[in-house]
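Subject: Structure handover

Hello,

Here is the structure we discussed. Please open it alongside this note. My findings follow below it.

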Amino acid sequence: MAKKRPQTKAKPQPIDGEIPVVGAREPCPCGSGRRYKACHGRAAAHAATELVHRPFEGLPGECDWVALRELVPAATAGLTLRDGLPEGVPSVTLATVLPMAWPALRRDDGSVLLGLQNDTASGDISRDLADTLLRALEAEPGTPVQARRAPADGPRLQDLLDPEGAFDPVVHSGFEFWVPDAENAAPEVTASLERANAAAIPTVKLTGVDAAYWCETPDKNHLRWVMPHPEEQLLDALARLHAAGRSSLGEGTRLVGSFRAHGLTVPVWDLPSGVAAEDVEKPAAEFAERLAAALAVREPLTADERRARGGLTNRQVTLS
């Protein structure tokens with residue numbers, strides 16, 4: 001019997017240019033002969049899920065972006081686009097939350113509201129928000145923008161927003177900014193507004209220091225202060241002040257720990273329930289001066305300072 005001649009498969013020819021997205025089990029369009037999920041799909045999936053630890057780095061007001069994302073219930077901030085506003089779009093405004101958790105809304109007058117506190121489909125909040133913003137700019141007036149997975153190679157907020165533009169959050173007591181005409185709002189929007197207002201924690205942004213937010217809870221009040229300093233350096237400085245008995249914001253207040261959020265550290269103070277936002281303006285400004293001096297110290301921590309640092313680190317919680 002004659003031997004079978006070995007069969008040779010023609011080597012797939014790779015295609016030039018961008019590789020289109022196909023089903024995970026389909027042959028990869030690059031021509032490798034492998035399934036998409038084991039070829040170019042692997043890189044695309046990794047790019048979509050890789051966590052960006054400081055998604056707001058490079059934006060004006062990075063600390064306030066983190067605060068509005070994680071700490072503040074109701075706030076808005078005007079956004080300045082790098083290339084200016086498109087025709088028919090009078091303004092673009094960032095909002096902590098939108099009705100029915102919409103990612104964005106193109107209002108009847110053409111203005112855009114971009115929601116910040118939404119779940120995102122990838123590990124890069126900045127890229128997801130940029131994709132939502134671009135779609136909102138092109139949406140029909142009077143329509144919300146639905147969530148989707150942003151392209152892995154799409155622009156980020158840092159590409160769309162003016163790096164010199166101001167970022168000045170305005171904290172609201174409720175979510176009335178959702179509905180310019182509350183009397184004619186849709187029933188589902190009205191119901192969503194009532195639920196959101198009932199759950200909102202009273203919050204005030206301090207005016208004398210950057211990115212510090214007072215909030216009121218039933219048992220005690222708090223000050224949560226998003227700081228831009230490198231984490232290890234900041235914890236050392238806080239430990240020096242804590243060990244020296246200089247970390248409080250006045251009588252009855254106490255530095256209790258910190259959050260870690262989007263690559264930044266957020267020290268938290270407990271305040272007596274009678275201490276209002278205006279009561280901590282001066283103590284916060286004075287603390288900022290003490291902190292600046294502590295940040296400049298380069299000597300190793302003493303034994304007491306190391307113990308203080310350990311206590312602060314043990315009470316640190318990661319939000320993102």
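Two strands count as paired if DSSP finds at least two bridges between them. With that in hand, take Tyr 213, which stands opposite Arg 224 in strand 9. Bear in mind that this is a predicted model.

**The sheet with strands 7 to 12**

Start with strand 8, residues 212–216. Of its 5 residues, 4 are buried, so read it as mostly covered, with buried meaning under 20% relative accessible area. Strand 8 has strand 9 (residues 221–225) as an antiparallel partner, joined by 5 bridges. A hairpin through 4 residues makes the link from strand 8 to strand 9.

Strand 7, residues 203–205, also runs antiparallel to strand 8, with 3 bridges between them. Here Val 204 faces Trp 214 of strand 8 as its opposite residue. The hairpin of strand 7 and strand 8 has 6 residues between the strands. Check the backbone at Ala 211 in that hairpin: its phi is positive, near 60 degrees.

The whole sheet is open and has 6 strands, in the order 7-8-9-11-10-12. The pairing is mixed. Strand 7 and strand 12 (316–318) are at the edges. Each has a single partner strand, so one side of each has no neighbour in the sheet. From one strand to the next, the twist averages 25 degrees.

Strand 10 (residues 254–261) and strand 11 (residues 264–271) run antiparallel, joined by 7 bridges. One facing pair is Gly 257 with Val 268 of strand 11.

**Helix 6 and helix 7**

Helix 6 covers residues 231–243. It lies across strand 10, strand 11 and strand 12, at about 25 degrees to strand 11.

How do helix 6 and helix 7 pack, and at what angle? The angle is about 115 degrees, and the axes are 9 Å apart. The two helices are therefore roughly perpendicular to each other. Helix 6 passes helix 7 in a right-handed crossing. On the helix 6 side, the contact uses Gln 233, Leu 234, Ala 237, Leu 238, Arg 240 and Leu 241. On the helix 7 side, it uses Phe 287, Arg 290, Leu 291, Ala 294 and Leu 295. By class, the residues of this contact are 8 nonpolar, 1 polar and 2 charged.

Helix 7 spans residues 281–295 and includes Pro 283. Is Pro 283 buried or exposed? Its relative accessible area is 19%, and the cut-off for buried is under 20%, so Pro 283 counts as buried. Pro 283 and Gly 250 are 33 residues apart in sequence, yet their C-alpha atoms are 6.5 Å apart in space.

**The sheet with strands 1 to 6**

The other group of 6 strands also forms an open sheet, ordered 5-3-4-2-1-6, and its pairing is mixed. Strand 5 (143–145) and strand 6 (170–171) stand at the edges. Each of these has a single partner strand, so one side of each is left without a neighbour in the sheet.

Inside this sheet, strand 1 (residues 75–78) and strand 2 (residues 92–95) run antiparallel, with 3 bridges joining them. Ala 77 stands opposite Leu 94 in strand 2.

Helix 3, residues 125–138, lies across strand 2, strand 3 (104–106), strand 4 (112–115) and strand 5. Helix 3 runs at about 160 degrees to strand 4.

Best regards

Notes: Residues are numbered from 1 along each chain as its sequence is written. This is a predicted model: local features need pLDDT of at least 70, side-chain atom pairs count only at pLDDT 80 or more; totals for chains, interfaces and linings use all residues. Side-chain values use heavy atoms; hydrogens and water are left out. Buried means under 20% relative accessible area, exposed over 50%, partly exposed in between (1.4 Å probe, protein chains only). Axes are lines fitted to C-alpha atoms, for helices over the stretch in contact, and angles run from 0 to 180 degrees between N-to-C directions. Contact means heavy atoms within 4.5 Å. Angles under 35 degrees count as roughly parallel, over 145 as roughly antiparallel, 65 to 115 as roughly perpendicular and the rest as oblique. A crossing is left-handed if the near helix is turned anticlockwise from the far one by less than a right angle, and right-handed if clockwise. Ala, Val, Leu, Ile, Met, Phe, Trp, Tyr, Cys and Pro count as nonpolar, Asp, Glu, Lys and Arg as charged, and the others, Gly among them, as polar.
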